[in-house]
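I opened the notebook to look up how the parts of this model meet. The entries follow in the order in which I went through them.

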Amino acid sequence: MINLHWVILLPIIFGTIAKLISIKTTKKIMILFQAALVIWVTLIFVEVRKNGTILENVGSWPDTFGITLRADLLASAMVLLTCFLFLAMVIFVHNKHYADHLFFFLFLSLESLIIGIFLSNDLFNIFVLIEAATLIITILIMYKKTNIAIYDGLMYFLINVVAMSFFLMGLGMLYKKIGVLDFYALKTAFSQVKDPQSLILPYAFMITAVSLKAALMPLFSWLPKAHGTPSAPSVVSAILSGLYVKTGIYVFLRLQIAFSPLIDTSELFVILGFVTAIAGLMLALAQKDIKLLLAYSTVSQIGVIMIGINLNNPMAYWGGLYHLINHAIFKSTLFLTAGMIISEYKTRNIDEVKGVFEHMPAVGIATILSILGIIGAPLFNGSISKYLIASGSSGTWIEYGLILINLGTIVVFIKYGQLLFGSSGKKETADSDILEKAVVLTLSTLCFLGGIFGSELIAILFNVKLTVDRLSYGIKMLLFIGSIFLGTLIYRGLFKKTNRLAFITSFELGFNEICLSITLFFAFMVAYLKLTL
Amino acid sequence: MITINGETISIVLFFVGVYGLIARRNIIKSIMSISIMQVAIILYFISANTAPGSVPPIGDVAQTLQVADPLPQALMITDIVIGIGVTAAGLTMFIHLYHRYGSTNWQKVMKKRNHHD
């Protein structure tokens, strides 16, 4: 018998008692603990894969009464990804001076909460976990205590609290109508509901909050500030951008599945995903700051994932989920390498960093592998997931939209890749920490392995057989090479000398404007549902 | 006709809070607006679905006929705790922000923040 609640509790307990041990031993035990956790979670995953979903009622109440934890295939795959990434991060911070007891306590608590969100089956429970995670992340993104950190932290905190208030209001209305808060009980309860009109308000309230968490089009302006702030250590940025934002997508997915018999908004969210992807790209191109560029590129990749999971096509759906996992890997590598580059060059301006390849070879290789992953180069993991999403959308405008998005991604990363080449002006190669190099190189090798063994990995993780057709994959790759040429031309012609999109950055939304956009999104959702249902 | 009961009042209060968030530039007022929204949510949970004359599920309720649904009340105890935590954390961060930037106005603080970059 495998107790799921221990997976959630152990990191937080360990983070607390680590305070008693000296920091040097703590760091060593921490790595062992994380490795053990990965093995244990793998065992749970194997168990789920073999015998189906594990359901645990906390406090041994009967079903749908108390809090239930549920590990189905998707949830346990996400938990496995979480534990693996946290293992990598704990190894990465091993020799860092900022990693003290408080940092580890917060970091491991965050791990507990993320695992909790993935395993939880109860809407109120998810609310509590997200609220606690918001508080912890706020402290983590202000961790280096730079001058501007407090503004970024307060913005992040208050906006997320406002969004979760919307979520809780929707939850109250849902409870009034239905009387249960359990995802699977909801699904059966919805089949009894005759009139979908009565669920418009709760759905609109909750989906507004979840869209903010997942950083969809009008609601993403909090994300780059939080993920790209100078005061956040690079491991925190990597976890936030690689993993935490995925909890929003995960809750979105669960809600959509639960509401699917009554309310179907997948078409709207495909369009929103497309708009998000394009807006994220434009903003990423306009940035000068390395971390902000990566943060905006996260926004655009979330758009791609949203397109995938909302297309109502099995190929695109699994492609979207695979892209979610791929994005976690290459984006966290990019954030880690960006952190190393920033601390070596002592600048965050992308124009001032030159010759990373020559000066820091290992970091250069890791960066280029993950860039190849994110732009979907042949044989890399991004190409498999983007291919699956594209083949699920064949024959619609989305297929061309995806080519456009990928072209934009290529232009963004040609801009980012400029820092690899040229001469750094420094004689000897930098001596960065061996563990850091090992972590980024391992993660970036995974980008390559995830591409070669793409369909096998999908078969293992999600238990679905998807075959990559060689002919159409070849055509996609020809398109990719074409896009590379076009992208280089666009970059050289338009962006090399002057930054033509720099004016976008001057439109910055303040707190009141973001709250206004949340309210407008909510009003739009209500109006849309009134008109379509 | 809309009757005046806990439910309608809570919805009105919720949007009063939302109005405060949109229209007020003062950071303390923003935090107060969030508190108002939280109070509205608590009122909604407690008052929705309660039959008039029912008793809260506290102490010995074996004799009474109608007991209110205990689940929303249990959830709201959790939410009150979260609400206090959020307000306290928000105000603490505001004090630090005020020491750094010397202003309670979102716009001015944002301008100073971008000046630092």
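Before counting anything between chains, I fixed the term: contact means heavy atoms within 4.5 Å. I also noted that the model is predicted.

**Entry 1: chain A against chain B.** I asked how many residues each chain brings to the contact. The contact draws 43 residues from chain A and 44 residues from chain B. I then looked up the area: about 3,900 Å² is buried between chain A and chain B, and carbon and sulfur atoms give 75% of it. On the chain A side I listed A:Tyr151, A:Lys176 and A:Asn512, which supply 17% of the area that chain A buries against chain B, more than any other three residues.

**Entry 2: charges between the chains.** I found a count of two salt bridges between chain A and chain B. I wrote down A:Asp152 with B:Arg113, a salt bridge whose closest N and O atoms are 2.9 Å apart.

**Entry 3: domains of chain A.** I turned to chain A alone, which is divided into domain 1 (1-121) and domain 2 (124-532). How far apart do the C-alpha centres of the two domains lie? I read 23 Å for domain 1 and domain 2 of chain A. For the contact between them I noted 40 residues of domain 1 of chain A and 50 residues of domain 2 of chain A. The two domains of chain A bury about 4,200 Å² between them, with 77% of it on carbon and sulfur atoms. In domain 1 of chain A, the residues that lose the most area to domain 2 of chain A are A:Leu74, A:Phe92 and A:Ile117, together 18% of what that side buries.

**Entry 4: charges between the domains.** I recorded two salt bridges between domain 1 of chain A and domain 2 of chain A. I also looked up A:Lys96, which forms a salt bridge with A:Glu436, with 2.3 Å between the closest N and O atoms.

**Entry 5: a nonpolar surface patch.** I last looked at a nonpolar surface patch of about 610 Å². I listed its residues as A:Trp6, A:Leu9, A:Ile13, A:Ile17, A:Leu20, A:Ile21 and A:Ile29. Helix H1 (residues 4-17) of chain A gives the largest share of the patch, four residues. I picked out A:Trp6, which lies in helix H1 of chain A. Is A:Trp6 buried or exposed? I entered A:Trp6 as partly exposed, because its relative accessibility is 36%, and partly exposed covers what lies between under 20% for buried and over 50% for exposed.

Note on methods
Residues numbered from 1 in each chain as written. Chains lettered and ligands numbered in written order. Predicted model: local features only at pLDDT ≥ 70, side-chain atom pairs only at ≥ 80, totals over all residues. Heavy atoms only, no water. Patch = residues over 30% accessible without salt bridge, like charges linked within 9 Å, V, L, I, M, F, W, Y side chains within 5 Å. Areas by Shrake-Rupley, 256 points an atom, 1.4 Å probe, with all protein chains shown as cover. Salt bridge = Lys/Arg side-chain N within 4 Å of Asp/Glu carboxyl O. Helix = DSSP H or I, 4+ residues; strand = E, 2+ residues; numbered from the N terminus. Buried < 20%, exposed > 50% of the residue type's maximum accessible area, 1.4 Å probe, protein only. Domains from an automatic or database assignment. Buried area = accessible area lost by both parts, 1.4 Å probe.
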